[in-house]
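Welcome to a short guided tour of a protein model. Please take a moment to look over the sequence and the structure, and then read on.

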Amino acid sequence: LEPKSPFVGIPGGVHADPPQRYLGNYERYLAQGGRLLLEQNLAAFTHSGANRSDMARFYFFCLAFDQIVKEGLAGDFAELGVYKGHTGALLAGFARRLDRTVYLLDTYEGFSDRDLTGIDADVQAASFADTSLAAVQAVVGESNVRFVKGYFPDTAAELPADGIYCFVHIDCDLYAPMASALEYFYPRMVPGGFIVVHDYSSLHWKGAEKAVDEFFADRPECPVPLPDGAGSAVIRKARSPGHAGSWIDEKRGRLLGRDWTTPAGGQLAELLHAGWSGPEPWGVWGVGEEHVLRLTPPTDSTEPIVLELDVQAALTELHASQSVSVAIDGDPVDEWEFALNRNRRLRTLAIPRPAPGRSWIEITFRPRIVLPASQMRPGSGDHRTLGLGLLALRIAETPDR
Ligand SMILES: C[S@@+](CC[C@H](N)C(=O)[O-])C[C@H]1O[C@@H](n2cnc3c(N)ncnc32)[C@H](O)[C@@H]1O
């Protein structure tokens with residue numbers, strides 16, 4: 001007697017909820033620069049009525065795309081195992097959006113007998129033959145796509161010798177081409193790049209699990225199982241320790257420029273280390289006895305930097321003056337005076353390059369007194385103790401030398 005899975009007949013049990021960034025927070029996603037063209041992407045993935053019950057897979061591809069954008073990963077897209085071009089059409093949309101190329105590799109005639117040995121000896125030979133290159137081209141379109149027709153790994157010779165990839169989808173079901181694809185693409189992945197292997201945990205295509213487990217048994221990366229229908233696994237190519245220019249340093253470095261960095265879009269929040277309240281439309285309050293900024297100077301310049309800060313202190317008629325000591329990497333560098341009649345002002349600070357082995361410097365502000373917010377706004381119920389308020393900062397224009 002077949003044991004009955006507890007998921008048989010559960011209404012909705014085959015569907016996945018959309019990630020919040022694409023549903024409840026979709027406006028925020030777009031406002032923060034989200035690049036996906038979700039409607040087009042969904043149409044591509046579900047063309048001819050396919051895949052509607054495998055939305056977890058779609059959402060994962062989309063989240064991976066967003067991460068590639070966020071981390072600024074370079075490289076092209078590739079897929080081994082295209083069949084009728086559902087995931088291929090999705091990847092083509094991604095490639096167009098980023099002006100990259102997607103390589104779509106398949107026999108476009110189904111499995112090759114050459115692969116039906118060993119663990120796959122019992123697989124039905126004629127599978128996936130009901131497709132053609134022309135049919136897939138008609139669905140996927142030609143721009144930003146290179147169709148590579150034939151038996152893999154023979155067709156690897158048609159890929160660019162110096163190719164690098166940020167996302168590779170291996171969906172060819174059988175052990176031999178999966179193992180070949182891992183051998184071929186793994187060394188060509190950018191650090192942080194995504195290898196997605198379909199069927200890893202499905203218990204249907206036994207070769208997928210075997211190829212992945214063997215390949216990654218002695219490598220630093222591990223497969224992470226995904227909850228899509230066929231049990232894909234994702235592996236992200238390791239970054240070497242201390243490799244030059246981490247994406248987060250580059251991102252933070254871009255926040256320090258000649259334009260003001262403000263709370264808009266959450267930019268200021270990236271620079272706040274300890275002792276700050278949440279950014280508000282006007283700026284951000286330092287709270288408590290010490291407020292620390294952690295700044296990553298732009299990575300493309302070795303010039304000394306003068307920072308311009310738009311600041312004010314928390315003051316009232318009773319506490320009409322304030323003094324804030326400023327230290328950089330622990331060394332006192334300045335003492336800023338504030339008074340009720342000349343409070344908000346631009347201050348400058350000369351910033352040294354970060355110490356060797358570090359990408360950031362720390363600026364610590366210590367206000368002489370901290371002021372209960374309830375004294376500034378009686379009856380507000382605000383329990384913060386406020387010190388320095390930061391409205392914006394930027395790199396000051398320095399006179400040409
Ligand atoms: C499951 S289908 C791909 C489905 C597709 N990724 C999708 O989600 O719409 C598997 C494909 O792998 C291809 N394939 C298997 N072994 C291959 C090999 N050695 N070389 C090229 N293509 C191969 C088959 O022709 C078949 O089209």
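How many bridges join β10 to strand β15? The count is 5, and the two strands run antiparallel. Keep this pair in mind while we look at the rest of the model, which is a predicted one.

## The overall picture

The protein contains 9 helices and 17 strands. Its radius of gyration is 28 Å, well over the 21 Å that the globule rule gives for 401 residues, so the protein is more spread out than a compact globule. Measured out along the principal axes, in computed terms, the C-alpha trace spans about 85 × 55 × 40 Å.

Of the 401 residues, 46% are buried. The protein exposes about 20200 Å², and carbon and sulfur atoms supply 52% of that area. Among contacts with a separation of 6 or more, 71% are between residues 24 or more positions apart.

## A sheet of five strands

Let us return to the pair from the opening question. Strands β10 and β15 belong to an open sheet of 5 strands, with the order β8-β10-β15-β12-β13 and antiparallel pairing. Why does one side of β8 and of β13 lack a neighbour in the sheet? These strands, at residues 272-274 and 331-339, stand at the edges and have a single partner strand each, so one side of each is left without a neighbour. On average, neighbouring strands of this sheet are turned by 25° against each other, direction ignored.

We can now walk through some of the pairs. At one edge, β8 is joined to β10 by 2 bridges in an antiparallel arrangement, and Ala 274 stands opposite Val 292 in β10. Going on to β15, which covers residues 361-367, we find Phe 365 opposite His 291. Strand β10 itself covers residues 291-295, and because 4 of its 5 residues are buried, it is largely enclosed by the rest of the structure. At the other edge, β12 (residues 321-328) and β13 run antiparallel and are joined by 8 bridges; here Val 324 faces Trp 336 in β13.

## Strand β17 and its partners

Another strand to find is β17, at residues 385-395, which is mostly covered, with 9 of its 11 residues buried. Which strand is joined to β17 by 7 bridges? That is β11 (residues 305-313), and the two run antiparallel. Within this pairing, Leu 307 stands opposite Ile 395.

Strand β9 (residues 284-287) also pairs with β17 in the antiparallel sense, over 3 bridges, and Trp 285 has Gly 389 as its bridge partner. Strand β16 (residues 371-372) pairs with β17 over 2 bridges, again antiparallel. There, the bridge partner of Pro 372 is Thr 385.

## Backbone details in the loops

Some loops hold backbone details that are worth finding. Phe 152 and Pro 153 are joined by a cis peptide bond, with omega about 20°. Pro 153 lies in the loop between β3 (145-149) and β4 (165-170).

Asn 51 is not a glycine, yet has a positive phi of about 70°. Its loop runs between α2 (38-45) and α3 (55-71). Tyr 83, also not a glycine, has a positive phi of about 55° and sits in the loop between β1 (76-80) and α4 (86-97). With a relative accessibility of 26%, Tyr 83 counts as partly exposed.

## A buried asparagine

Helix α2 is home to Asn 41. Is this residue buried or exposed? Asn 41 counts as buried, because its relative accessibility is 5%. Leaving aside neighbours within four places in sequence, Asn 41 is in contact with Leu 36, Phe 58, Leu 90, Gly 93 and Phe 94.

## The cysteines

A search of the whole structure finds 0 disulfides. Why does Cys 62 form no bond with the closest cysteine sulfur? That sulfur belongs to Cys 166 and is 14 Å away, which is too far for a bond.

Cys 62 is buried, at 0% relative accessibility. Cys 222, by contrast, is exposed, with a relative accessible area of 55%.

Note on methods
Residues are numbered from 1 along each chain as its sequence is written. This is a predicted model: local features need pLDDT of at least 70, side-chain atom pairs count only at pLDDT 80 or more; totals for chains, interfaces and linings use all residues. Side-chain values use heavy atoms; hydrogens and water are left out. Buried means under 20% relative accessible area, exposed over 50%, partly exposed in between (1.4 Å probe, protein chains only). Two strands pair if DSSP finds at least two bridges between them. Axes are lines fitted to C-alpha atoms, for helices over the stretch in contact, and angles run from 0 to 180 degrees between N-to-C directions. The radius of gyration is taken over C-alpha atoms; the globule rule is 2.2 Å times the number of residues to the power 0.38. Contact means heavy atoms within 4.5 Å. Accessible areas come from the Shrake-Rupley method with a 1.4 Å probe; for residues, only the protein chains shown count as cover. A disulfide is a pair of cysteine sulfur atoms within 2.5 Å.
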